[in-house]
Amino acid sequence: MKFRFVESNIMVYARLLAASIMAGFLSVAGMANADDARSGASGARDTKSVGVTLMAVTAQVLPDDPKQTLTAFMVYLAPEASTSSHRHAGVVFVHVLEGTVRSQLNNGEVIEYRAGDSWNEPPGSVHSYMENPSKTVPARLIATIIAPTGAKLTTYDQDGSVPPPHAH
């Protein structure tokens, strides 16, 4: 009987999260540019990211810790899109919604993620490289960052040039 209660609470939280994300989609289309400018995460306009577009989904101060903000972005990667080495202000959770993405953290192993796969980036991680390896199919991710309130969410490494970790 206790297991059902826990399972029921998990489903309630999952539904609330899904509803919050959908509400964010419906309500923030107009604030995407403002959030990108504030966060320094303007992938579509940043020369260090090619073929990457961000759309803000939501940004909410955590009710139990006003020093932390949860920010979610839809990340669109055109075919053969890539990013150079960068880091984020806090912990990052990424879920691939469509397509395929190759990602490398801290110059480690290049891992290929497909629709339905997820990964996280602990605080202080260097996202060495990310790409959509497809020549024809775009990729779509949702990235959620929990970081100090007011922090610049994405910082590209100084030279912005990191060679791909593999040949195409």
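Is Thr-69 buried or exposed? Thr-69 is buried, because its relative accessible area is 10%, below the 20% limit for that class. The model on display is a predicted one, and this tour begins at that residue.

**First stop: Thr-69**

Select residues 65–83, which form strand E2, and find Thr-69 within that strand. Next, add Thr-149 to the selection. The side chains of Thr-69 and Thr-149 are joined by a polar contact of 2.8 Å.

The surroundings of Thr-69 may then be displayed. When neighbours within four places in sequence are set aside, Thr-69 touches Ala-59, Gln-60, Val-61 and Leu-62, and also Ile-145, Ile-146, Ala-147 and Thr-149. Thr-149 therefore appears both in this list of contacts and as the partner in the polar contact, while Thr-69 itself is buried.

**Second stop: Glu-112 and Arg-102**

The tour now turns to charged residues. Side chains of opposite charge can pair when their charged atoms come close. In this model the salt bridges number six.

Select Glu-112 and Arg-102 together. Their side chains form a salt bridge, with an N to O distance of 2.9 Å. Glu-112 belongs to strand E6 (residues 110–114) and Arg-102 to strand E5 (residues 100–105), so this pair ties together parts that are ten residues apart in sequence. Glu-112 is partly exposed, at a relative accessible area of 32%. Arg-102 is partly exposed as well, with a value of 22%.

**Third stop: Glu-131**

Keep Arg-102 selected and add Glu-131. A salt bridge connects Arg-102 with Glu-131, and the closest N and O atoms are 3.0 Å apart. This pair links distant parts of the chain, for Arg-102 is in strand E5 and Glu-131 is in strand E8 (residues 126–131), 29 residues away. Glu-131 counts as buried because its relative accessibility is 2%, under the 20% cut-off.

**Fourth stop: Arg-114**

Return to Glu-112 and add Arg-114. The side chains of Arg-114 and Glu-112 meet in a salt bridge of 2.8 Å, N to O. Arg-114 has a relative accessibility of 47% and counts as partly exposed.

**Final view: the network**

Which residues are linked in a network of salt bridges? Select Arg-102, Glu-112, Arg-114 and Glu-131 to display them: these residues make up the network. Within it, Arg-102 pairs with Glu-112 and with Glu-131, and Glu-112 also pairs with Arg-114.

How values were computed. Residues numbered from 1 in each chain as written. Predicted model: local features only at pLDDT ≥ 70, side-chain atom pairs only at ≥ 80, totals over all residues. Heavy atoms only, no water. Helix = DSSP H or I, 4+ residues; strand = E, 2+ residues; numbered from the N terminus. Buried < 20%, exposed > 50% of the residue type's maximum accessible area, 1.4 Å probe, protein only. Polar contact = N/O pair within 3.5 Å; in protein donor to acceptor, adjacent residues only side chain to side chain. Contact = heavy atoms within 4.5 Å. Salt bridge = Lys/Arg side-chain N within 4 Å of Asp/Glu carboxyl O.
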